[in-house]
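Subject: Handing over the structure

Hello,

I am passing this structure on to you, as you will be looking after it from here. Please open it alongside this email and follow along as you read.

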Amino acid sequence: MTSMTDQSRVNAIIQALFTSSTAFTITPGTGGGSAFTITPPFHLRLMTAQGSNSSNGTEMGTGNGYTAGGATLGTTFCAAPSSGSTSNSNSVSWSATGTWSTITAIEVWDTAGTPLRWLQGALSSNITGVVNGDTVQFAAAAITANASAW
Amino acid sequence: MYQCKQCLATAKLPPGADPHASTWCGCCPVDHHHGRQAASCPGNGGVGHPGEPCNQPNPRNCPVILGQRTPPGEPGPDPDDECPGGHCGVGVAGCTVCRPITHFAEVGNPLSAEGRPA
């Protein structure tokens with residue numbers, strides 16, 4: 001089989017992870033590993049080089065209108081999922097004050113004291129040619145998290 | 001996808017295309033690179049531009065340049081080439097480019113986890 005997890009369970013998991021507006025901790029039962037905390041709000045970070053599921057990408061440096069750590073995705077990151085897929089509820093934008101490097105990917109991090117990375121992926125098209133005065137915007141629903149293959 | 005901040009026209013350009021090089025919106029009918037022209041201008045609000053001619057084609061008639069926010073530069077030797085307003089220098093501190101645009105980004109599927117075969 002190419003898929004793994006029951007769709008309803010996937011929907012429940014990603015809804016808990018990405019639609020909660022307050023921090024919460026998941027504490028497994030005996031033998032289930034360590035507890036972990038999800039700390040909204042989530043931040044969108046822009047990458048000049050994509051990482052992988054096991055390594056972080058290279059984030060664009062602070063300057064020219066971008067601040068390392070990214071920008072908030074709002075109180076609630078995503079809307080309730082459907083068919084294992086969910087997308088951002090709010091738009092995110094930056095006003096460039098200088099020339100940007102090419103952006104190839106994004107990552108979504110929470111805002112814990114030591115932030116945790118939750119999502120990473122490539123852009124459909126690189127962001128290139130950004131200069132002073134331009135705006136870079138991710139509209140609502142521009143970022144889709146698709147867990148249907150879990 | 002891109003949107004001109006001045007006329008609000010939108011366009012989807014092929015990958016790798018420089019959005020500032022295209023005349024896909026109605027702000028300028030002349031096919032020249034706004035960013036490159038602006039960056040080559042020796043003036044910046046008139047500073048360092050004493051008596052040097054404007055190198056922007058037909059600046060008097062250029063609707064984009066006429067909308068610039070920087071103060072007028074000095075006139076060139078030819079009255080027809082008088083600079084109607086300072087050119088924006090791409091990359092110059094405090095500058096706003098001729099035709100700022102909005103870059104609309106989209107992301108595919110951030111989650112790349114794959115199911116394991118049974």
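Below is a short tour of what turned up. Please keep in mind from the start that this is a predicted model.

**The strands of chain A**

A good place to begin is strand β8 of chain A, residues 103-109. This strand is mostly covered, and seven of its seven residues are buried. It has a partner in β3 of chain A, residues 43-49, and the two strands pair in the antiparallel sense over five bridges. If you would like one contact to find on screen, take A:H43, whose bridge partner in β8(A) is A:W109.

β8(A) also pairs with β9(A): these two strands run antiparallel and are joined by six bridges. Here you can look for A:V108, whose bridge partner in β9(A) is A:L119.

**Salt bridges**

Side chains of opposite charge can pair when their charged atoms come close. How many salt bridges does a search of the whole structure find? The search gives two over all chains.

One of them links A:E107 and A:R117, with 3.2 Å from N to O. This pair ties together distant parts of the chain, since A:E107 sits in strand β8 of chain A and A:R117 in strand β9 of chain A, 10 residues apart. Are these two residues buried or exposed? Both A:E107 and A:R117 are buried.

Another salt bridge joins the side chains of A:R9 and A:D6, at 3.5 Å from N to O. A:D6 has a relative accessible area of 42%, so it counts as partly exposed.

**A tryptophan in a loop**

Next, have a look at A:W100, which lies in the loop between β7 (92-95) and β8 of chain A. Its relative accessible area is 6%, and because buried means under 20%, A:W100 counts as buried. In sequence, A:W100 and A:M60 are 40 residues apart, while in space their C-alpha atoms are 8.5 Å apart.

**Cysteines**

You will find zero disulfides over all chains. Two cysteines may still be worth a glance. A:C78 is buried, with a relative accessible area of 2%, and B:C4 is buried too, with a value of 0%.

**Chain B**

Chain B holds two helices and three strands. Going along the sequence, their order is β-β-α-α-β. The chain has 118 residues, of which 41% count as buried.

**The largest pocket**

I have kept the pocket for the end. The volume of the largest pocket is about 420 Å³. Which residues are the closest to its centre? Of the 19 residues in the lining, they are A:S125, B:M1, B:K12, B:F104 and B:A105. The elements that give two or more residues to this lining are β9 (117-127) of chain A and β3 (101-104) of chain B. The largest share, four residues, comes from β9(A). As for chemical character, the lining divides into 11 nonpolar residues, six polar and two charged.

So β9(A) is a useful strand to keep in view, because besides its part in the pocket lining it pairs with β8(A) and carries A:R117 of the salt bridge with A:E107.

Enjoy exploring, and do write back with any questions.

Best wishes

Technical notes:
Residues are numbered from 1 along each chain as its sequence is written. Chains are lettered from A and ligands numbered from 1 in the order in which they are written. This is a predicted model: local features need pLDDT of at least 70, side-chain atom pairs count only at pLDDT 80 or more; totals for chains, interfaces and linings use all residues. Side-chain values use heavy atoms; hydrogens and water are left out. On a 1 Å grid over the protein atoms alone, a cavity is a set of points where a 1.4 Å probe fits but cannot get out, and a pocket is an open set with protein on both sides within 12 Å along at least five of seven lines; lining residues have an atom within 4 Å of a point. Grid points are joined across faces, edges and corners, and a volume is the space filled by probe spheres set on the points. Ala, Val, Leu, Ile, Met, Phe, Trp, Tyr, Cys and Pro count as nonpolar, Asp, Glu, Lys and Arg as charged, and the others, Gly among them, as polar. A disulfide is a pair of cysteine sulfur atoms within 2.5 Å. Buried means under 20% relative accessible area, exposed over 50%, partly exposed in between (1.4 Å probe, protein chains only). Two strands pair if DSSP finds at least two bridges between them. A salt bridge is a side-chain nitrogen of Lys or Arg within 4 Å of a carboxyl oxygen of Asp or Glu.
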